[in-house]
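This report introduces a protein to a reader who has not met it before. Please look over the sequence and the structure before going on.

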Amino acid sequence: MIWGIFKRDMCHATRNVIAVIVSMGLVVVPALYAWFNIAASWNPYGNTKALKVAVANNDKGYKSDLIPVRVNVGETIISTLHANDQLDWQFVKSDKAIDGVKSGEYYAAIVIPKGFSADMMTLFSPDIKHAQLKYYLNEKINPIAPHITDQGATTVVNTIDKTFAKTIAQVGLDLASSILHYSQSPQMAEYMRNLNGNLTTMADTLSGASQQVTSYSQLLGSANDIVDSTGKLLASATKAGKQAQNALKQGKSGATSFTSAGVNVTSSVNTALDQVSGAFDQVAAKVNKAFDAIGKDSDTAASQLTTLSEQVSSSESLYDTYITSLNHMHESVEQLPDSDSAKQALLEAIDREITLLEAAKGDSQKLAQQLKDASTQVTQDTAAAERSRKEILNRITSAKQSISNVRDDYATNVKPKIDALASTVSTLISQTDSMITQLSGTADGLDDVTGDVGTNVTSIRSTLGAIAKKLDSSAATVKELITKLETGGNAGDGNSDGGDGDNDADSGESDELRALATANASTLSTLISAPVALHRVSVYPIANYGSAMAPFYTILSIWVGAIILCAMLKVTISDREKAHVLGLGDTLPRIAGPSGPGNASRWGLRLDHEYFGRYAIFALLALLQGTLVCLGDTYFLGVQANHALQFLAVGWLAALVFSNIVYTLTVSFGDIGKAVAVVLLVMQVAGSGGTFPIETLPKFFQTLYPFLPFPHAIDAMHAAMAGSYGNEYLLDMVYLALFLIPSLLLGLVLRKPVIRLNNWVSRNLESTKVM
């Protein structure tokens, strides 16, 4: 029965030329629909050169003391855009640019304000101002054009940022290279050797002075014993008085040596403070070296800054040692008699020196903290790291000034007081000598004189002991400084074979800095201005935008073809056709009843025979539609199809499923079914994910997505074009085929209950004489 219906339908469809032409049109029209849309969207983003975007430059430029050359970033932008063919740039005045956007002459306009260069150069001032371009956009002309022009404006901004960063980076690299070359020069090496030699001599001098002061203290102790003995012996013998005078002469010699030792102490202290100041210069150089490594290896730069922070923190013990020594000296001076005129002035001078040292220590602590903070910033924000660099260098300058203040105060206040103290000691011994000379005539007052001398000598010995400790501490400080300088020199020497692990690490860092400085500055500045490059790796690549849109328009055209078939071909079988198929002549017997589906079932022509018999020609034409559009996509338009047979299979399956769904709706509900098919078409155009990702659509379409045939057909066609992940292609084909189940269920099982309803609706529509 099914074959009989199909055979008669094919005879009728090819009976005359008009029927053949219409049949061919039914096959070709859906393909034309797909091809026109695919060809029109083949490469839309490759033709953006015709989009007019106006550019107006009002920048007045900028000139400052820091940069004596006039800078005009706006002119640089215009020069760059002249060489850019991404869009059709129109260089006009600002008024014309804005008016052109309003009138639709330009899709967008970029206006560079007057103070653009000045705002950009605030990067070098405390009050940083964000430079802004004015961007005017006409969004009503076209829905896609604003996004394309936005990309062009973003490209301009990125170009400005990269050019500006590249210029600043190149200047910094040139400066770092010059410093490194100087640090490797023979003059610098000779200077470091002389410095180490001088420091070694200074340390030896401080140690020898300490030993001399200790010896003088012991000598004075012996002199005290001699004075005591002399006081006892002079009572019985004048010869003993002469021995006492000789002892006092030795005391005078000790006082003179004490004065000489004070001079040595002063020289040693000044030299030590100078070397501490020089150490800060070394720290500044390492800070610059660490910051210059930013961009190439931010982690290494952070490690260097952390190491410097620890070294500066460790140097705080030097200040503590110096302060402790001064406190001991303070205690020693306090033991002098209150009648000594130099006592109070020396105490005030020592207190002032301690205050200045504590201030210098505070600067070192702040410097260590800033180094530690900077170590965490260099991997996060390059601009913040540069500000930290300036703050750290300013802090180092402040610390050096504090050291200078200590040195100046020592020379101005402490040293003169120590000299005065030495003078007091010498005067005291001279007075004692005079008193002993008169012993021959004043033996009765001898006990009082020797007692006073013993008291003064004890006080002097206490002071000399404190000075000896201070000299030992200063010697230790200088030796430690020598060790650090030698360590730094070995670390900076790329050819050094000795040193511990830290030195090896520092040597590696020096080698890296040396390689950085000797590299091409232009290449490195380009790297710093744009440290990250996007390397695009296409997974399942699509040749072009037209190929990417081909599945959507192909599947859409197949559905449109199914609707056209149901609009042009009859879905019901007349009683005359049923009679011919059954061999009953031209009409059915009267007992068949009114014309309609299933009225010939008593003669063997069941409802399912009618359904499949008439659907056969629909299926044939739908398969021809799918075949033509898929072959045209592949061989006429050149759409990418890595698996051509799978691509064609998707078109065949989609043609069968779509034609069956539309045919079933029309058979079951008549013209209302055709309207439902159109509604389904509209819903799937928006909610299939063929143009925009389904995740970007409203929640309603995301929920509806799995229950529509379009998404599965489009995904299967994408897999056939570019490749399948696992069983992706087969699963999508199965999901698409499953839509035949509800369609056949409606057409074969549920159709009977709706036949009467459909007939009733048709009679009512026909009664209107309009529908």
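In which helix is S404 found? S404 is found in helix 12, which runs over residues 382-437, and the account below returns to this residue after an outline of the whole protein.

## The protein as a whole

The model described here is predicted. It contains 25 helices and 4 strands, and of the 771 residues in the protein, 43% are buried. The exposed surface of the protein comes to about 39,700 Å², with carbon and sulfur atoms supplying 57% of that area.

When contacts in the protein with a separation of 6 or more are considered, 77% of them are accounted for by residues 24 or more positions apart. As for covalent links between cysteines, the structure holds 0 disulfides. Two of the residues that can be inspected in this connection are C566, which counts as buried because its relative accessibility is 1%, and C630, which counts as buried because its relative accessibility is also 1%.

## Helix 12 and S404

Within helix 12, S404 has a relative accessibility of 17%, and it therefore counts as buried, the cut-off for that class being under 20%. The residue can also be placed relative to A360, which is 44 residues away along the chain, while the C-alpha atoms of S404 and A360 are separated by 9.5 Å.

## Helix 16 and S547

S547 is found in helix 16, which covers residues 545-568, and with a relative accessibility of 1% this serine counts as buried. Leaving aside residues up to four places away in sequence, S547 touches W42, I542, V639, Q640 and M721. For Q640 there is a further detail, in that its backbone nitrogen lies 3.2 Å from a polar atom of the S547 side chain.

## Helix 18 and E610

Is E610 buried or exposed? E610 is buried, because its relative accessible area is 5%, and this glutamate lies in helix 18, made up of residues 607-637.

The side chain of E610 makes a polar contact, at 3.4 Å, with the side chain of K578. If residues up to four places away in sequence are not counted, the residues that E610 touches are I5, I573, K578, P597, G598, N599, L605 and Y663, so that K578 appears both in this list and as the partner in the polar contact.

## A nonpolar patch and helix 2

On the surface, a nonpolar patch is formed by V17, I18, I21, V22 and M568, which together have about 500 Å² of accessible area. The largest share of this patch, 4 residues, comes from helix 2, which spans residues 17-40. V17, one of the residues of the patch, lies in helix 2 and counts as exposed because its relative accessibility is 59%.

## The loop after helix 2

Between helix 2 and strand 1 (52-57) there is a loop, and A50 is found in it. With a relative accessible area of 58%, A50 is exposed. The C-alpha atoms of A50 and W89 are separated by 9.2 Å, and these two residues are 39 residues apart along the chain.

Note on methods: Residues are numbered from 1 along each chain as its sequence is written. This is a predicted model: local features need pLDDT of at least 70, side-chain atom pairs count only at pLDDT 80 or more; totals for chains, interfaces and linings use all residues. Side-chain values use heavy atoms; hydrogens and water are left out. Helices (H or I, at least four residues) and strands (E, at least two) are DSSP runs, numbered from the N terminus. Buried means under 20% relative accessible area, exposed over 50%, partly exposed in between (1.4 Å probe, protein chains only). Contact means heavy atoms within 4.5 Å. Accessible areas come from the Shrake-Rupley method with a 1.4 Å probe; for residues, only the protein chains shown count as cover. A polar contact is a pair of N or O atoms within 3.5 Å; within protein, one must be able to donate a hydrogen and the other to accept it, and residues adjacent in sequence count only if both atoms are side-chain atoms. Patches are made of residues with over 30% relative accessible area and no salt bridge: like charges are joined within 9 Å, nonpolar side chains (Val, Leu, Ile, Met, Phe, Trp, Tyr) within 5 Å. A salt bridge is a side-chain nitrogen of Lys or Arg within 4 Å of a carboxyl oxygen of Asp or Glu. A disulfide is a pair of cysteine sulfur atoms within 2.5 Å.
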